[in-house]
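Visitor: I am new to this structure and would like a close look at a single part of it, the surroundings of the ligand. Please take me through that part slowly.

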Amino acid sequence: MHGGNASGSSSPADRRLSALVRHLEGSSRDGIDAGNHSIAAAPTSGSYGGRNSVFDHVVMGPEDPILGVTVAYNKDPSPVKMNLGVGAYRTEEGKPLVLNVVRRAEQMLVNDSSRVKEYLPIVGLADFNKLSAKLILGADSPAVQENRVTTVQCLSGTGSLRVGAEFLARHYHQHTILIPQPTWGNHPKVFGLAGLSVKTYRYYDPSTRGLDFEGLMEDLGSAPSGAIVLFHACAHNPTGVDPTAQQWEQIRQLARSKALLPFFDSAYQGFASGNLDTDAQSVRMFVKDGGECIVAQSFAKNMGLYGERVGALSIVCRNADVAGRVESQLKLVIRPMYSNPPIHGASIVATVLKDRNMFQEWTVELKAMADRIINMRTQLFDALRSRGTPGDWSHIIKQIGMFTFTGLNSKQVAFMTKEYHIYMTSDGRISMAGLSSRTVPHLADAIHAAVTRLA
Ligand code: KET
């Protein structure tokens, strides 16, 4: 115990607070724990360079390019405003959706009085981990059966990517990671801050609004041997353009021949096709060949658990022995970062995945979300065609997943926000899940005006 605190039996929080109060009053250094002397000695007493904060030099940071769109949207008083920025599902009425099966699972959890709020292990909920691995790799996956997959529960997709990246930065011989150009805006930051060196590979061709397959193969072909390669498992964000099964097979062969390490980001399983197995094909192809790979999974979108922060990181290894050692090191990454993950969301997912009926109910609700998005694509495409909006808009119905990469430029986006109160990311990406039959005409009017006035 640290000694010398005048407040006797008060809690650590109380002691810290009273130390802070004394400190701010500038009265004395007494009573501050030995380890905190630097606080008492810090020049915060009002005379620091004539300024009154040690943080005076801190400049205002920019808003996040995606989440900042919601911040701007929230400030707009217009009744016609639309938020097509963040990828979050909305109902036909424009409301956030909690799946019925999720409500049911939560009810069961609440009613179960044997459930407690103890810490989870560092790696999270065992059932959740096992079931998540099976969900992405396949119920009969030999890799799972042979115990050569280690899965740890993490803070949604982002946390899984970050833990995976930190592990690679510590234990993998190659620190170069190639990410697609373009990709989800957070990828370069997550990987860069974990200590990896981020490079890009060609992915999207704006002239065809499709995959730049040759560019992709060339860039992976000239990547340093052993480099990590990030792939979007399905429903590439922001482009909505995925390789075909045949192209994936060619990518797999090239990646394996160059000993590249595939790192899959699976944030939209079930959202691309409406089918969980179809959307996992790319990952399963790489696991089937017996080689190693990494998968970050998110349950934010497919189970609508955004704010619960539920995800998993799986590392598929050559054998069970390696998997065990890898897991021991993942624990050493996680423990000092956030100690162990939260219990509630993972318990919901485990409850749903474990029960045959609930699982079935989930797939139906998931398919309904995917279908509504596909329906919005058709409606928007038809609305633009009926307005005679210049340009070929067929990419709206060809692209898959939550987003349409419209091809609108940042000026056109700014115009639509200013004149029509439509909020979207400046790269022209719109979240189709934010649209409804009621709002399609307004969006089509805005796009029409933007492309006819600001070519
Ligand atoms: N990967 C991809 C490809 C992705 O689009 C997202 C989220 C995530 C990971 C992280 O999701 P998480 O909530 O950590 O499980 N994308 C949407 C939300 C965001 O930017 O945070 C989006 O692009 O709008």
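Guide: A good place to begin is Ser298, where an N or O atom of the side chain is 2.6 Å from an oxygen atom of the ligand; please keep in mind throughout that this is a predicted model. With that contact in view, it helps to know that the protein covers 92% of the 520 Å² of accessible area that the ligand has on its own. Turning to a nitrogen atom of the ligand, you will find a polar side-chain atom of Asp265 at 2.6 Å from it, while Arg429 places a polar side-chain atom 2.9 Å from an oxygen atom of the ligand.

These residues belong to a wider shell. There are 17 residues around the ligand, and those that come nearest are Ser156, Thr158, Asn237, Asp265 and Ser298. Sorted by class, the shell is made up of 7 nonpolar, 6 polar and 4 charged residues. If you look for the element that gives the most to this shell, you will arrive at helix α7, which spans residues 156-171 and supplies 3 residues.

Stepping back a little, you can see that the ligand sits in the largest pocket. Domain 1, made of 67-97 + 371-453, contributes residues to the shell, and domain 2, covering 119-354, does too, so the ligand lies between the two domains.

One of the nearest residues, Asn237, deserves a second look for its backbone, since the peptide bond that leads from Asn237 to Pro238 is cis, with omega near 10°. Pro238 itself is found in the loop that runs between strand β7 (228-232) and helix α10 (245-257).

While you are following the backbone, two further places may be worth finding. The peptide bond from Gln181 to Pro182 is also cis, here with omega near 0°, and Pro182 has its place in the loop between β3 (176-181) and α8 (187-193). Asn147, although not a glycine, has a positive phi of about 60°, and this residue is located in the loop that lies between α6 (142-145) and β2 (149-155).

To return to the ligand itself, the picture to keep is of a molecule in the largest pocket, lying between domain 1 and domain 2, with Asp265 and Ser298 among the residues that come nearest.

Note on methods. Residues are numbered from 1 along each chain as its sequence is written. This is a predicted model: local features need pLDDT of at least 70, side-chain atom pairs count only at pLDDT 80 or more; totals for chains, interfaces and linings use all residues. Side-chain values use heavy atoms; hydrogens and water are left out. A residue is near a molecule or strand if one of its heavy atoms lies within 4 Å of it. A polar contact is a pair of N or O atoms within 3.5 Å; within protein, one must be able to donate a hydrogen and the other to accept it, and residues adjacent in sequence count only if both atoms are side-chain atoms. Accessible areas come from the Shrake-Rupley method with a 1.4 Å probe; for residues, only the protein chains shown count as cover. On a 1 Å grid over the protein atoms alone, a cavity is a set of points where a 1.4 Å probe fits but cannot get out, and a pocket is an open set with protein on both sides within 12 Å along at least five of seven lines; lining residues have an atom within 4 Å of a point. A molecule sits in a cavity or pocket if more than half of its atoms lie within 2 Å of its grid points. Helices (H or I, at least four residues) and strands (E, at least two) are DSSP runs, numbered from the N terminus. Ala, Val, Leu, Ile, Met, Phe, Trp, Tyr, Cys and Pro count as nonpolar, Asp, Glu, Lys and Arg as charged, and the others, Gly among them, as polar. Domain bounds come from an automatic or database domain assignment.
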